[in-house]
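Got your viewer open? Here is a tour that tells you what to select next and what you'll find there.

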Amino acid sequence: MSWRWFHQWGSPRWFYERAGRWQLVCGWLSLILLVVGSLWGLGFAPVDYQQGNSYRIIYLHVPVAFLAQAMYAAMAVCAVVLFVWKMKLADVAMQAIAVTGLAFTVLSLVSGAVWGKPTWGTYWVWDARLTSMLILGFLYLGLIGLRAAIQDPDQAGKACGILVLVGVVNLPIIKYSVEWWNTLHQPASLKLTEKPTMPASMWMPLLVNILGYYIAAAYLVLGSMRAIVIGRERRASWVKELVGRA
């Protein structure tokens, strides 16, 4: 099997040109899915017999909570690629994902607080799930701050990669916190190995929204990566040629 496809990712120019096409596809596809999923979930899904209409925030909260964790895991993969194969584009991806991941973590915490008020009677409790998600937000902030504090991009990438890998220990804590400790946060309604605890009329639009948010995240990360690549390669001949065409 040829590994040419893998090594192409080491070329900033190759990535920049193709990422523009991928971003366009992701943008339109995510827009369609999010419109369909949101309208379906907010307007046509039945009312929950316990939580009433307040449960509908799951169509925002669940996808962004999933993404907050998945994007940190993606950064860990990028860190391994950076250390093993010295691929600078992996560091670019880490830098782009950190900002987007922080945004989704904040959205998760805020939407969870809004959901918590009618459900628990308070916006915030030092619940194991909430606290570990807050720690995830601080990890994202720490990565952004650490990169800003180190001027050399190569050194910044290595330092951030180490911090990312250390912080991975928080991900299983987030996932299993509702099982390991007595928490207010409800267990996951969607599991790969078990039947959903909600009717199909509720979880189907949720799946559509989850897919839409994941593709939207790809759109945002690709755009950020393209901007970072141009900034880092601004002295390269292909960037000057690109600017000249513009």
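Start with the aromatic rings: there are seven aromatic pairs here. Rings of Phe, Tyr and Trp (its six-membered ring) pair if their centres lie within 6.5 Å; planes under 30 degrees apart count as stacked, over 60 as edge-to-face and the rest as tilted.

Select tyrosine 16 and tryptophan 238. Their rings make a tilted pair, 5.7 Å from centre to centre with 55° between the planes. Tyrosine 16 belongs to helix H2 (residues 12-44) and tryptophan 238 to helix H9 (residues 237-245), so this pair ties together parts that are 222 residues apart in sequence. A helix here is a DSSP run (H or I, at least four residues), a strand is one too (E, at least two), and both are numbered from the N terminus.

Are tyrosine 16 and tryptophan 238 buried or exposed? Both are buried. Buried means under 20% relative accessible area, exposed means over 50%, and partly exposed is in between (1.4 Å probe, protein chains only).

Next, pick tyrosine 72 and tyrosine 140. This aromatic pair is edge-to-face, at 5.6 Å centre to centre and 75° between the planes. Tyrosine 72 sits in helix H3 (residues 58-85) and tyrosine 140 in helix H5 (residues 128-149), so the pair ties together parts that are 68 residues apart in sequence. Tyrosine 72 and tyrosine 140 are buried too.

For one more ring stop, select Trp14, Phe15 and Trp22: ring pairs link them into a cluster.

Before you go on, a word about what's on screen. This is a predicted model, where local features need pLDDT of at least 70, side-chain atom pairs count only at pLDDT 80 or more, and totals for chains, interfaces and linings use all residues. Residues are numbered from 1 along each chain as its sequence is written, and side-chain values use heavy atoms, with hydrogens and water left out.

**Charges over rings**

Go back to tyrosine 16 and add arginine 226. Arginine 226 lies over the face of tyrosine 16, 4.0 Å from the ring centre. To count, NZ of Lys or CZ of Arg must be within 6 Å of the ring centre and within 35 degrees of the ring normal. You can find another case at tyrosine 176, where lysine 175 lies over the face at 5.5 Å from the ring centre.

**Salt bridges**

How many salt bridges are there? The count is four. In a salt bridge, a side-chain nitrogen of Lys or Arg is within 4 Å of a carboxyl oxygen of Asp or Glu.

Select aspartate 91 and arginine 232. They form a salt bridge whose closest N and O atoms are 3.0 Å apart. The pair links distant parts of the chain, with aspartate 91 in helix H4 and arginine 232 in helix H8 (residues 200-232), 141 residues apart. Aspartate 91 counts as buried, at 4% relative accessibility, while arginine 232 is partly exposed at 31%.

Now select Arg13, Glu17 and Arg18, which are joined into one network by salt bridges that share partners. Glutamate 17 meets arginine 13 at 3.2 Å, N to O. These two are four residues apart in helix H2, so about one helical turn separates them. Glutamate 17 also bridges to arginine 18, where the closest N and O atoms are 3.8 Å apart.

**Cysteines**

A disulfide is a covalent bond between the sulfur atoms of two cysteines. The cut-off used here is a pair of cysteine sulfur atoms within 2.5 Å. How many disulfides does the structure hold? Zero.

Select cysteine 26 to see why: its sulfur is 15 Å from the closest cysteine sulfur, in cysteine 78, too far for a bond. Cysteine 160 is in no disulfide either, and the nearest cysteine sulfur, again that of cysteine 78, is 12 Å away. Cysteine 160 counts as buried, at 2% relative accessibility.

**A loop stop**

Select lysine 86, in the loop between H3 and helix H4 (88-120). Lysine 86 is exposed, with a relative accessible area of 60%. Its phi is near 55°, a positive value in a residue other than glycine.

**Zoom out**

Finally, show the whole chain. You'll see nine helices and zero strands. The C-alpha atoms fill a box of roughly 65 × 35 × 35 Å, taken along the principal axes. Of the 246 residues, 43% count as buried.
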